[in-house]
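The following paragraphs lead through one protein chain, beginning with its overall division and moving on to its pockets and its ligand. It may help to keep the sequence at hand while reading.

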Amino acid sequence: MAESWVNSSEHGSVGSDLHLELAAGGSRRAALIRALRAAVQDGRLAPGTRLPPYRSLAADLGVARNTVADAYAELVAEGWLTARQGSGTRVADRAAPPPRARVPKRSPGTPARPAYNLVQGQPDAGSFPRAAWLAAARRALTAAPNEAFGPGDPQGRVELRRALAGYLARVRGVRTDPERIVVCSGFAHALRLLFGGPGGGAVLRGPVAVEAYGLGFHRSLLDAAKVRTVPLPLDEHGARVEELADVRGPVRAMLLTPAHQFPTGGPLHPARRAAAVDWARTRDGLILEDDYDGEFRYDREPVGAVQGLDPERVVYVGSVSKSLSPAVRLGWMVLPEHLVGAVVTAKGEREAWASVPDQLTLADLVDSGHYDRHVRRMRQRYRRRRDHLVAALAERAPHITVTGIAAGLHAVLRLPPGTEASAVKAAAWQGVGLEGLSDYRHPAAATHAPDGLVVGYATPPEHAYAAAVDALCRVLPPLGEGEL
Ligand SMILES: Cc1ncc(COP(=O)(O)O)c(C=O)c1O
């Protein structure tokens, strides 16, 4: 039987953690040499790694101290390890085999990876508020009671739910108290919790009406949960929710992006907001409100959450994916009272998705005002980027109309009919990554939106933005193309 060893502080050792398996039988010294050599050769022990002191390794393996000393000495002699006074025994710099180069396979017909990334979907990653987040984490973890480091409450830390209740009421017009909030890892997780799937529980049933243009990923999550989606046509006032009255069959919920239709970019008209709530009241239905970028508005009156019209008929969902980073994985659901228990049950017995230290950090960030400050700063930055894009297009491609620019982190460029697919392809060949509007179309949508490009102006790093816009202008179809 192989002996295995994990260096741990319980044994009083001070080295780093390492798992070794010594072959049974034969000399312990030879077995240890073989195990260490193999760990260096296959890269588990990287060059420069400090090995545990003789005594702690010997204690953990149940071998004599000299056995370890001899094994180290042998491997030093072979060149696998180095021993230097004061810095212990380490893996030699050139001990590991060179990593195998991973050459991305590119078929002859594949364009280069985009040099200019204008694919919508993420905030400027370089603007993550590292210092503010670190300071908030330090404050939050210093103040946290010990029980915060035990298993987490699946509803979410009360500190965060309190902070969010105040923030969402103040900034988005959401009517809530902390008891109606369930913390999750983002909108996708909220969908899984509501309809089933990994990390979820099937609280609601379909079919669900969705906007005819929307995020395919969300539709595929619903598909995976066997929830049928019914496309709602869009016009310049947003989703034509009144058409739900004509849909046959029991549509139970309506998934909307009311503050900023995704991806076309307009707010849902007030009459449509009211109609959606009326539908939910009369048909015992629910509105799922995806408020993915509600904080980012530039030159129009703030559009509050539909949830404020009827908290018992709306599941309001937000996350930090656009405001801070999609890597953080923190979101929130503000639920009608009767759904709170079922959603908490769907989350499981203990928090398994949203790290409690991160929840406490976000709570501090919000309470201390740094979250607001960051959002304000980013709003100014994105507004400048948006203005730059609009000005560049006005000068260099005046035949192309830009829409959906009053809010959010992306714009839609309306193209001459029949040019979208070739424009996306041409952009890819020129190293400009972006998507066409048709990429977002529900496969069963009755109509097609006019041709368009979805341009994510938050994505490039600040220093690369002007060059990205310049490259975009170069690949746009010229005046007249497609109209002949
Ligand atoms: C339409 C839409 N909804 C929601 C989100 C947020 O998703 P999540 O919170 O799962 O990161 C995004 C992307 O950030 C989005 O584009």
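In this predicted model, the chain is divided into domain 1, which covers residues 2-95, domain 2, which is made up of the two segments 116-122 and 372-475, and domain 3, which runs from 130 to 368. Taken over C-alpha atoms, the centres of domain 1 and domain 3 are separated by 51 Å.

With the domains located, the pockets can be taken in turn. The largest pocket has a volume of about 530 Å³ and is lined by 27 residues, among which Phe187, Leu215, His218, Asp290 and Tyr292 lie nearest its centre. Several secondary-structure elements each supply at least two residues of this lining, namely helix H6 (187-195), strand E7 (208-211), helix H7 (216-224), strand E11 (253-256) and strand E13 (314-319). Of the contributions to the lining, the largest share, four residues, comes from H7. Sorted by class, the lining of the largest pocket consists of 13 nonpolar, nine polar and five charged residues.

The second largest pocket holds about 340 Å³ of space, and of the 22 residues that line it, Leu234, Asp235, Glu236, Thr264 and Arg414 lie nearest its centre. Which domains does the lining of the second largest pocket draw on for at least three residues each? They are domain 2 (116-122 + 372-475) and domain 3 (130-368). By class, the residues lining the second largest pocket divide into nine nonpolar, nine polar and four charged.

The ligand can now be placed among its neighbours. Surrounding the ligand are Gly186, Phe187, Ala188, Leu215, His218, Phe262, Asp290, Tyr292, Ser319, Ser321, Lys322 and Arg329; of these names, Phe187, Leu215, His218, Asp290 and Tyr292 have already appeared as the residues that lie nearest the centre of the largest pocket.

Three of the surrounding residues can be followed down to individual atoms. At Phe187 the partner is a polar backbone atom, which is 2.7 Å from an oxygen atom of the ligand. At Asp290, by contrast, a polar side-chain atom lies 2.5 Å from a nitrogen atom of the ligand, while at Arg329 a polar side-chain atom lies 3.0 Å from an oxygen atom of the ligand. Taken on its own, the ligand has 400 Å² of accessible area, and the protein covers 91% of that area.

Notes. Residues numbered from 1 in each chain as written. Predicted model: local features only at pLDDT ≥ 70, side-chain atom pairs only at ≥ 80, totals over all residues. Heavy atoms only, no water. Domains from an automatic or database assignment. 1 Å grid on protein atoms, 1.4 Å probe; cavity = no way out; pocket = protein on both sides within 12 Å on 5 of 7 lines; lining within 4 Å. Points joined across faces, edges and corners; volume = space filled by probe spheres on them. Nonpolar A, V, L, I, M, F, W, Y, C, P; charged D, E, K, R; others polar. Near = heavy atom within 4 Å. Polar contact = N/O pair within 3.5 Å; in protein donor to acceptor, adjacent residues only side chain to side chain. Areas by Shrake-Rupley, 256 points an atom, 1.4 Å probe, with all protein chains shown as cover.
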